[in-house]
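Here's a quick briefing to read alongside the model. Have the sequence and the 3D view open, and take the points in whatever order suits you.

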Amino acid sequence: MEEADWERMRGQYADAWSIWRSDAGRWYATRLTRALSRAQLDADLAMTLYADGAEQLRELLAEQERLASGVPS
């Protein structure tokens, strides 16, 4: 199941995030952009996210997309 979750998220966010799991089982996502602007940082956008599971990471990624929709890039 985790492998399928990983493949699904990688496909869904391939243009914006690099997603991987650590050896300890924690899930990570790092933006593919070079850096965030001051406005993006002020809006609580993050360069890297981490979670204990796939569903939690998916929720964090969705929240980042929601936040980003209201901030100029």
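The protein exposes about 4800 Å², and carbon and sulfur atoms supply 49% of that area. Keep in mind that this is a predicted model. Of the 73 residues, 32% count as buried. The fold is built from 3 helices and 3 strands, running α-β-β-α-β-α from the N terminus on.

**Overall shape and charge**

- Laid along its principal axes, the C-alpha trace spans about 35 × 20 × 20 Å.
- How does the radius of gyration fit a compact globule? A compact globule of 73 residues would come out near 11 Å, and the protein has 12 Å, so the two agree.
- Take the contacts between residues at least 6 apart in sequence: 37% of them join residues at least 24 apart.
- On the charge side, there are 9 positive and 13 negative charges, and their mean positions sit 5 Å apart.

**Helix α3**

- Helix α3 covers residues 54–68, which makes 15 residues. At 1.5 Å a residue it should span 21 Å, and its end C-alpha atoms are indeed 21 Å apart, so the helix agrees with expectation.
- Which residues of α3 are buried? They are Ala 54, Leu 57, Arg 58, Leu 61, Gln 64 and Leu 67.
- As background to that pattern, an α-helix has 3.6 residues a turn, so residues three or four places apart point the same way.
- What do the buried residues of α3 pack against? Their partners are helix α1 (2–12) plus the strands β1 (17–21), β2 (27–31) and β3 (48–51).

**Arg 58, a buried arginine**

- Arg 58 belongs to helix α3.
- Its relative accessible area is 18%; buried means under 20%, so Arg 58 makes the cut.
- Setting aside neighbours within four places in sequence, Arg 58 is in contact with Asp 5, Arg 8, Met 9 and Tyr 13.

**The loop between α1 and β1**

- Two alanines to look up here are Ala 14, which lies in the loop between α1 and β1, and Ala 16, which is found in that loop too.
- Ala 14 has a relative accessible area of 47%, so it counts as partly exposed.
- Ala 16 comes in at 28% relative accessibility, so it is partly exposed as well.
- Which residues does Ala 16 contact, leaving aside its neighbours within four places in sequence? Those are Thr 30, Arg 31 and Leu 32.
- For C-alpha distances, Ala 16 and Trp 6 are 15 Å apart in space and 10 residues apart in sequence.
- Ala 14 and Ala 46 are 17 Å apart in space, C-alpha to C-alpha, with their positions 32 residues apart in sequence.

**Asp 44 and its backbone**

- Asp 44 sits in the loop between α2 (38–42) and β3.
- Is Asp 44 buried or exposed? At 58% relative accessibility, Asp 44 counts as exposed, because the cut-off for that is over 50%.
- The phi angle of Asp 44 is near 70°, a positive value in a residue other than glycine.
- For context, most residues other than glycine have a negative phi.

Terms used:
Residues are numbered from 1 along each chain as its sequence is written. This is a predicted model: local features need pLDDT of at least 70, side-chain atom pairs count only at pLDDT 80 or more; totals for chains, interfaces and linings use all residues. Side-chain values use heavy atoms; hydrogens and water are left out. Helices (H or I, at least four residues) and strands (E, at least two) are DSSP runs, numbered from the N terminus. The expected span of a helix is 1.5 Å times one less than its number of residues. Buried means under 20% relative accessible area, exposed over 50%, partly exposed in between (1.4 Å probe, protein chains only). Contact means heavy atoms within 4.5 Å. The radius of gyration is taken over C-alpha atoms; the globule rule is 2.2 Å times the number of residues to the power 0.38. Accessible areas come from the Shrake-Rupley method with a 1.4 Å probe; for residues, only the protein chains shown count as cover. Lys and Arg count as positive and Asp and Glu as negative; His and the chain ends are not counted. The place of a charge is taken as NZ of Lys, CZ of Arg, CG of Asp or CD of Glu.
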